[in-house]
Every structure is written in structure tokens, then in C-alpha cells.
Amino acid sequence: MTLLNLAVVVKLEPDLSAGSISYNPDGTLNRSKTKNTLGPHSKIAAQAAFYAKVKYGAKISVGTMSGHAANNALQIAMETCDADVLHLYNDSIFAGADTIGTAEVLKNGINKMDGKMDIVFSGYRATDGETGQVGPQLAWKLGFTFLGNVISYDIDLEKRTIIAKRLITLRGVPEIIQEIEAPLPVFIAIDPSYKYHFNNITLRLAAEKYKTEAHERAKNYKEYIQTFNCEELGADKTLVGLIGSPTIVYDVQRVPKGKAIRNAKVLDGSNPDHIRQVVTAMKEALSAMVIK
Amino acid sequence: MTEGDYRHVYVVIEHIDGKLLPVSLEMLGEARRLFDDFNKRYSAKEKVVAIVLGHNIQHLPKTLIEHGADSVVIVDRPELNALINKIHTKVICQICLDIETAAKIEPAYSLEFKKPRYMFFAADGIGRHLSSTVLAELDSGLASDVNQLIISDLDISHPIKTAGKKIIYKKTLEMYRVDFSGFLWTTILCLDNLNENLSVREYSPQSCNIIPGAFAPIQPDPQRDGTIINFEPKIDENDLKIKVLSQKFIESEIDFDNYKTVVGFGRGIQNAPEKNIKLVEEFAKHLNAQVGISLPISKNVFSASPNVSSTYMIPGRVIGTSGRKISPMLYIAVGISGAMQHIAGMEDSQFIISINEDENAPIKDVSDIFLKGKMEDVLPQLMAELKNQQIMMQVK
């Protein structure tokens with residue numbers, strides 16, 4: 001049986017969990033004091049790739065573009081999906097890239113991986129940048145069919161097709177579940193709600209076996225890392241980093257305080273009489289509805 | 001670059017089965033306001049162009065023109081009935097690059113036309129992906145989740161774009177977006193590379209996806225005139241192998257619509273997350289209220305037991321531009337400071353009570369009552385008083 005050839009692109013992000021995150025007094029993120037880790041959505045992308053490895057058999061390569069060593073992220077990604085290959089794209093010229101400049105590096109990285117890819121996975125967006133653009137732009141540059149917000153999928157190995165369910169969230173209408181069939185190769189940006197299920201004992205046993213293997217392999221993850229700079233990737237220097245980025249961040253400012261749109265009555269939480277007033281106001285606010 | 005190379009604003013319209021999504025008219029409204037001003041300031045005659053793709057949608061152009069479009073490019077084909085990113089991306093790019101279409105929009109510059117000047121998409125489950133792939137193909141810049149737009153001539157000095165020299169970039173679209181903390185507002189620009197030492201490149205269209213609810217539509221005018229252009233796309237046979245097998249609506253994970261009261265909590269739970277979430281839960285039970293959260297809570301900023309985190313720290317409960325927009329009879333914000341993106345999701349509530357230690361928190365400005373105090377102290381007292389007054393509130 002031909003194994004599936006899978007890639008997962010991941011991102012090192014600020015760790016927003018308790019104990020790791022640090023805020024400035026004004027409520028903004030203190031980046032220098034906040035630790036970095038594998039982004040939570042990148043982790044879900046790795047889990048989605050693991051599903052295919054257990055169910056269909058697959059070779060998995062993980063790639064990341066990072067100015068940092070990104071060791072922590074690559075190790076967690078390897079352990080999550082039992083990756084066989086780890087790629088780090090690191091060059092000072094990559095710094096400051098917008099989404100197009102980033103997608104260009106990742107495209108070159110994926111083309112450096114062994115063989116043609118069947119599926120490339122990414123998270124649906126980074127928790128820090130939050131644009132969600134790199135996945136679809138990378139898909140487009142690779143020429144792959146893009147499937148966004150995928151909540152589950154299965155593959156027909158004979159026909160080389162995928163059937164995926166996608167969640168489409170729009171303002172003003174209920175959420176939509178779309179079931180879509182597409183020939184491989186495809187690019188999947190995985191939805192945050194994705195969870196894999198193995199519905200028989202053979203698959204569950206296989207999953208356990210791979211997890212143990214992944215745990216052991218991840219201890220020596222450094223032996224698996226292949227690092228590429230711009231030249232080694234064969235990337236066009238004018239298409240990456242700041243030079244390859246159409247957009248710039250022109251200005252960052254505090255969100256201006258809007259005009260008070262309601263004139264708040266200020267009450268004191270330690271004053272029992274004020275507490276009574278609040279409860280009375282709640283009652284009135286809700287009874288107004290009944291009168292209507 | 002000549003005057004005719006890059007012209008107009010193209011707005012990608014969204015609809016479901018021929019029913020326009022509100023964001024479509026909001027984007028058109030903002031495009032109209034920007035271009036009325038643009039044309040006056042620059043003595044120009046550039047157009048607001050709506051692009052609409054689908055099947056059985058011949059009724060849409062009229063509405064789009066009434067809401068501000070000068071031209072509507074419509075592609076009405078059975079292959080476009082389903083939302084398939086690849087096919088829609090290719091058709092939109094064909095429209096953007098088509099000189100015949102440009103000539104129908106504005107005959108004067110048809111020979112020079114290369115690409116649109118600006119392009120707007122919706123920042124939602126369709127537009128986010130579509131804007132990314134379209135701009136990857138058109139090879140230009142995209143800003144996401146934008147909630148303010150200004151067109152101006154900017155004096156720019158940038159190490160890469162201008163080699164440090166001061167250059168005036170005319171007709172530049174300033175695209176404002178709020179960062180994930182909700183406290184910083186970033187201005188994104190899409191600028192040509194004018195640095196001769198590196199590589200000179202022109203980037204058009206300057207593009208963004210726009211948050212639903214950020215802008216208001218204009219009053220529809222049934223007398224407005226506009227051009228309707230039927231576009232015949234080339235659809236790649238290979239792409240038709242991608243098939244939508246089914247598409248169905250589902251109810252949201254968390255129901256906000258059927259509750260009179262919503263209690264939202266935010267970072268104020270930080271001193272004892274688990275305990276405080278349970279306190280909010282109990283408080284909400286007293287009011288028969290649904291529980292919502294601010295965006296940071298959905299990002300596992302605080303640790304809690306798996307049961308509590310999987311129930312409450314989830315994207316489905318987020319109130320704000322990254323989540324749901326709600327308008328209950330009563331909204332109670334507990335330990336929420338009031339970042340812009342949260343306020344956009346709850347300011348339409350009929351009565352708003354906020355509970356916060358910090359009297360300078362922006363949430364105060366959108367509250368009817370601001371109750372100063374720690375949630376740990378205040379909520380038990382409110383519950384005791386509620387019991388006292390024996391209020392029984394029923395679900396709508």
C-alpha cells in the first residue's frame with residue numbers, strides 16, 4: 001500500500017497559558033517575558049495528521065519558519081503526530097515577513113520535503129497574528145485545493161480523494177456544515193473544534209503504539225531537525241521577508257477610548273444598600289421585557 | 001504607474017442561496033462613503049464595483065446598486081452554486097484582470113487598466129479564505145479583521161520600501177485592525193516597493209477583509225443608477241472534480257438568543273480561575289442566564305479543571321467581534337475590562353451592568369450601572385439579595 005505523504009506547518013507562538021503569559025500594565029502582551037511554545041492550533045493540525053498516520057499509514061514531515069530555534073515547538077509537534085522529519089526554515093532575511101512572504105518560504109520548504117505531498121495541514125490561525133491567511137495563501141502557492149475549518153475527514157486511498165466536513169461561520173445566519181469531496185492533494189486548515197476518534201480496537205491499539213514510538217523519538221528530536229536558510233531552500237530573495245511583503249505595519253496605537261455611550265451610575269459593591277439597588281435594577285430591566 | 005493602471009474598489013459580495021449577508025451591504029456602504037469623498041478630493045470618477053457569484057441570483061444586482069454599487073459584475077452559473085474556494089478564487093481573479101469588464105465599468109481608462117485599486121472582502125467563514133487566495137493569486141497585500149478605513153496621501157520613509165527616503169504614497173488605504181489583546185490598534189498599509197536597490201514592485205489591489213458589523217450600510221436609494229455586467233468565466237474542468245456533497249445549517253453550540261440575561265466573564269477571574277468560574281456559573285443559575293466570555297478566556301490563558309475549561313473556555317462562548325454579537329435584555333459583565341472587540345459584541349444589550357474593581361475600565365462607558373468591587377465579594381452578595389427578593393426569571 002502506498003503510504004500517504006503528509007506535511008504539517010506549525011508556528012512557534014507566545015504561550016498564553018497561566019504562568020507563561022505576561023501582560024504589561026496597560027493590558028497588552030509583554031512579549032519579552034512571555035514564553036513561547038507550539039501554537040495551540042498548530043498542535044491540533046499535528047493531531048489531525050496523526051489521525052491519518054494511524055488510520056491509513058503515512059509519512060509525516062513538520063516544517064516551521066522561525067527566527068528562534070523553535071526547538072520546543074518542533075519537539076511537541078513531533079510527539080503529537082509521530083513525525084518522521086523536522087524542518088526549520090531560519091534566515092535573518094525571512095524576518096518581518098507578512099503572510100505572503102511567509103507563505104513563500106513555507107512553499108519552498110514543502111517542496112524540499114521528500115516526494116509529492118498528499119495533504120498539508122495547518123492550524124486555522126495563529127493566536128498572536130490571528131490573520132488566518134498563511135494557510136490559504138500557502139495552499140494557493142502550492143496549487144493545492146484549500147479546505148478551511150475542517151472538523152473531520154476521511155480518505156479513499158483507492159480513488160485518492162478526501163471527504164471532509166467543514167464548519168462555515170457567518171454573521172447573520174446559523175453555522176453551516178459543508179461536506180466536500182476533493183481529489184488529493186489538498187491543504188487542510190484544521191478547525192479548533194477538531195478531535196480525532198478511532199472507532200475500533202485495532203486503530204486504538206495502533207494509536208497507542210505510535211504514541212509510544214513518538215514519545216521515544218521526540219526525546220531525540222534534535223537529530224531529526226534539518227535547517228534551511230534562504231539559499232538552501234532555493235527561495236527567491238525578493239519574494240521573502242520584508243522585501244517580499246506587500247504590507248507593512250505603519251502604526252500601532254492604543255485603542256482610543258470611545259465616548260461614553262451610556263452614563264453609568266457608579267455603585268459600591270461593599271455597600272448593602274447599593275447591592276439592593278442593583279438587584280432592583282436587574283428586576284426592572286427584565287420586567288420591561290414582559291410589558292413589551 | 002499611470003492614472004489608469006489601478007482603478008476602483010471591488011467589493012466581493014456574500015450571500016447564501018441568493019439571500020445577501022448583512023456584511024455585504026455594510027462593505028458597500030463603506031465603499032460608497034469612501035469613494036464619494038475620494039472622487040471629490042481627487043476630482044476623480046472611480047467606481048464602487050460589486051462582484052457577486054452564484055446561481056439564480058439575477059435579483060441581486062438591483063439591491064446592490066440601491067446600496068451604493070456603481071457597477072455589479074455578476075456571474076450566474078450552476079457551477080458557482082456551492083462555496084468552493086478554488087473555483088470562486090479563479091473566477092474573481094479573472095474578473096479583476098479582465099480588460100473588457102474594466103471597459104464596461106469605465107470606458108475611459110480601459111486600455112491602461114491592470115488591476116483594481118482597492119478590494120474588500122468580509123472577515124467571515126467565506127471571505128477570510130477567499131481574500132487570502134485571491135490576493136495570493138493577484139500578488140498583493142491583505143489586512144484582516146479591519147474595522148476602520150481611511151484613504152490619504154502619506155509621507156513614508158521605510159528602510160525597505162523607500163530605501164529610507166521620504167516618498168509620498170498617494171491614495172493609500174489605511175487599514176485599521178485591533179490586535180488579539182483588544183487594546184492595540186494597528187494600521188496596515190499595502191505599499192509598492194520603490195527601492196531601486198532591491199526590486200521595484202507595484203502592489204495592487206490594496207485589500208482587506210472587514211469585520212461584520214463594523215460599518216453601516218447606506219440608506220437604499222431605488223433611483224440610483226448602475227451598470228450590470230454579466231461575466232462569462234472560464235471554469236477549469238479539473239476543478240469540477242471538487243464537489244460539495246451536502247450543506248446544512250446547524251444550531252450554534254451555545255444558545256444566546258433564547259436567554260433574557262447573559263452573564264459574561266473575563267480576566268477578572270484570574271485570582272482563582274476555577275473557583276471564580278464556578279461562582280459565575282452559580283450566579284448565572286440564579287438569573288436563568290446564559291454564560292459568555294471575553295476573547296482571552298477562550299485561549300486557555302488561565303488553567304482550570306478539564307470539565308470547567310471544556311465547558312466555559314471555548315470559542316463558542318466568546319462575545320465580541322471574534323465571536324457572537326448579542327443583545328439580551330440584561331447583560332452583566334463580570335471582571336471584563338471592555339476591550340473594543342468585546343464591546344462591539346454586547347453594546348446593543350438593553351441594560352448593562354458591569355462588575356469591576358477598576359473604575360477606569362472602558363466597560364464603564366457602555367454600562368448603565370457600574371458596580372465597583374471584586375467579583376469574589378460582590379457575586380455572593382448579589383445572589384443572597386436575589387434570593388431575598390425571590391426573583392424567578394424564566395427563559396424567554
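The exercises below, each with a worked solution, deal with a predicted model.

**Exercise 1.** Find out which residues have the most contacts inside the largest nonpolar core, and which helix gives the largest share of this core.

*Solution.* Begin with the core itself, which has 138 residues, and in which A:Val8, A:Ala77, A:Ile188, B:Val11 and B:Ile51 have the most contacts. Next, look for the element that contributes the largest share, and you arrive at helix H1 of chain A, residues 40-56, which supplies nine residues. Finally, notice that another core of 59 residues lies apart from this one, including B:Phe283, B:Ala284, B:Leu295 and B:Ile352.

**Exercise 2.** Work out how strand S1 of chain B and strand S4 of chain B pair, and in which sheet they lie.

*Solution.* Take the pair by itself to begin with: S1 (residues 6-12) and S4 (residues 48-54) of chain B run in the parallel sense and are joined over four bridges, and B:Tyr10 has B:Val49 in S4(B) as its bridge partner. Then place the pair in the open sheet of 10 strands, whose order is S12(A)-S9(B)-S8(B)-S7(B)-S10(B)-S6(B)-S1(B)-S4(B)-S5(B)-S11(B), with mixed pairing. The edges of this sheet are strand S12 (247-254) of chain A and strand S11 (227-230) of chain B, each of which pairs on one side only.

**Exercise 3.** Describe how the two domains of chain B touch.

*Solution.* Start from the bounds, which are 6-241 for domain 1 and 261-388 for domain 2, and then note that the C-alpha centres of these domains of chain B lie 37 Å apart. Five residues of domain 1 are in contact with eight residues of domain 2, and the touching side of domain 1 consists of three nonpolar residues, two polar and no charged.

How values were computed: Residues numbered from 1 in each chain as written. Chains lettered and ligands numbered in written order. Predicted model: local features only at pLDDT ≥ 70, side-chain atom pairs only at ≥ 80, totals over all residues. Core = buried A, V, L, I, M, F, W, Y, C linked by C-beta atoms within 7 Å. Buried ≥ 20, exposed ≤ 12 C-beta atoms within 10 Å, placed from the backbone. Helix = DSSP H or I, 4+ residues; strand = E, 2+ residues; numbered from the N terminus. Domains from an automatic or database assignment. Contact = placed C-beta atoms within 7 Å. Nonpolar A, V, L, I, M, F, W, Y, C, P; charged D, E, K, R; others polar. Pairing = 2+ DSSP bridges.
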